[in-house]
Amino acid sequence: MRTREEVTAFHESGHAVIAAAQGQMPWKVTIVPITGVCYGHVSLERPANESDPWGGRGCTRDAAAVRKNARALALSGQRRPLEILRAIRREAAKLVEEHWPLIGDLAGELLKRKTLHRADVAAIIPPHVNRSCEIPDRQ
Ligand SMILES: [Zn+2]
């Protein structure tokens, strides 16, 4: 059985690898917990205030965020919320399966170093997966 820290490393690594594969290299990935708040975090962008642990648009409270987005899409008349949620789940599973070896590599590095910054993550993700260099830097 995996420890909570190992599970967190794979979870946050999944966010980081998939974000990079979608064109957004994360600013920071950490498995340093904030007591009572979270076990880890991915910041997609450099936070305005670096001392704010929640700074930088992140992917916190995953399930709640997915439900909120599905509701918004449903309200816009696209499709029904359950169809949207199922499509999101299928797409996520496909992306995770496709990138699983890399997610494992990054999780291993996170377990060693606890926090990785953009350059550390970019060094692990090979160019054919890292699509973040194909779009202009948003900073
Ligand atoms: Zn998450």
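This is a short tour of one protein chain, to follow in your viewer.

**The whole chain**

Start with everything shown. The model is predicted. The chain has 139 residues, and 24% of them count as buried. Colour by secondary structure. You should find 4 helices and 3 strands. From start to end, their order is α-β-β-α-α-β-α. Now think about contacts between residues with a separation of 6 or more. Of these, 54% join residues 24 or more positions apart.

**Stop 1: helix H1**

Select residues 4-21, which form helix H1. Put a distance marker between its end C-alpha atoms. They are 26 Å apart, and this agrees with the 26 Å that its 18 residues should span at 1.5 Å a residue.

Next, pick out the buried residues of H1. They are Thr8, Ala9, Glu12, Ser13, Gly14, His15, Ala16, Val17, Ile18, Ala19 and Ala20. What covers them? The cover includes S1, S2, H3 and H4. To see these pieces, show S1 at 28-30 and H4 at 118-124, then S2 at 41-43.

Step just past the end of H1. Gly23 is there, with a positive phi of about 100°.

**Stop 2: Glu12**

Go back into H1 and select Glu12. Is Glu12 buried or exposed? Glu12 is buried, because 25 other C-beta atoms lie within 10 Å and 20 or more are enough to count as buried.

Now show what Glu12 touches, skipping its neighbours within four places in sequence. The contacts are Val29, Ile31, Gly40, His41, Val42 and Leu110. Look at Val42 in particular. In sequence, Val42 and Glu12 are 30 residues apart. In space, their C-alpha atoms are 6.4 Å apart.

**Stop 3: helix H3**

Select residues 81-113. This is H3, with 33 residues. Mark the distance between its end C-alpha atoms. They are only 39 Å apart, while a straight helix would reach 48 Å.

Where does H3 bend? Centre the view on Trp100. H3 bends there by about 70°. Add Pro101 to the selection; this proline follows within four residues of the bend.

Now show the buried residues of H3: His99, Leu102, Ile103, Leu106, Ala107 and Leu110. Their cover includes H1, S1, S3 and H4.

**Stop 4: where H1 meets H3**

Show H1 and H3 together. Two packed helices are described by the angle between their axes and the distance between the axes. Here the angle is about 125°, and the axes are 7 Å apart. That makes H1 oblique to H3. The crossing of H1 and H3 is right-handed.

Turn on side chains. On the H1 side, the residues that meet H3 include Glu5, Phe10, Val17 and Ala21. On the H3 side, those that meet H1 include Leu95, Val96, Leu102 and Leu111.

**Stop 5: Lys114**

Finish just after H3, at Lys114. This residue is in the loop between H3 and S3. S3 itself covers 115-117. Check the backbone angles. What is phi for Lys114? Phi of Lys114 is near 70°, a positive value in a residue other than glycine. Most residues other than glycine have a negative phi.

Last, look at how covered Lys114 is. It has 14 C-beta neighbours inside 10 Å, so Lys114 counts as partly exposed.

Note on methods. Residues numbered from 1 in each chain as written. Predicted model: local features only at pLDDT ≥ 70, side-chain atom pairs only at ≥ 80, totals over all residues. Helix = DSSP H or I, 4+ residues; strand = E, 2+ residues; numbered from the N terminus. Buried ≥ 20, exposed ≤ 12 C-beta atoms within 10 Å, placed from the backbone. Contact = placed C-beta atoms within 7 Å. Expected span 1.5 Å × (residues − 1). Bend = angle between axes of the 7 residues up to and from the residue. Axes fitted to C-alpha atoms, helices over the stretch in contact; angles between N-to-C directions. Parallel < 35°, antiparallel > 145°, perpendicular 65-115°, else oblique. Left-handed = near helix turned anticlockwise from the far one by under 90°.
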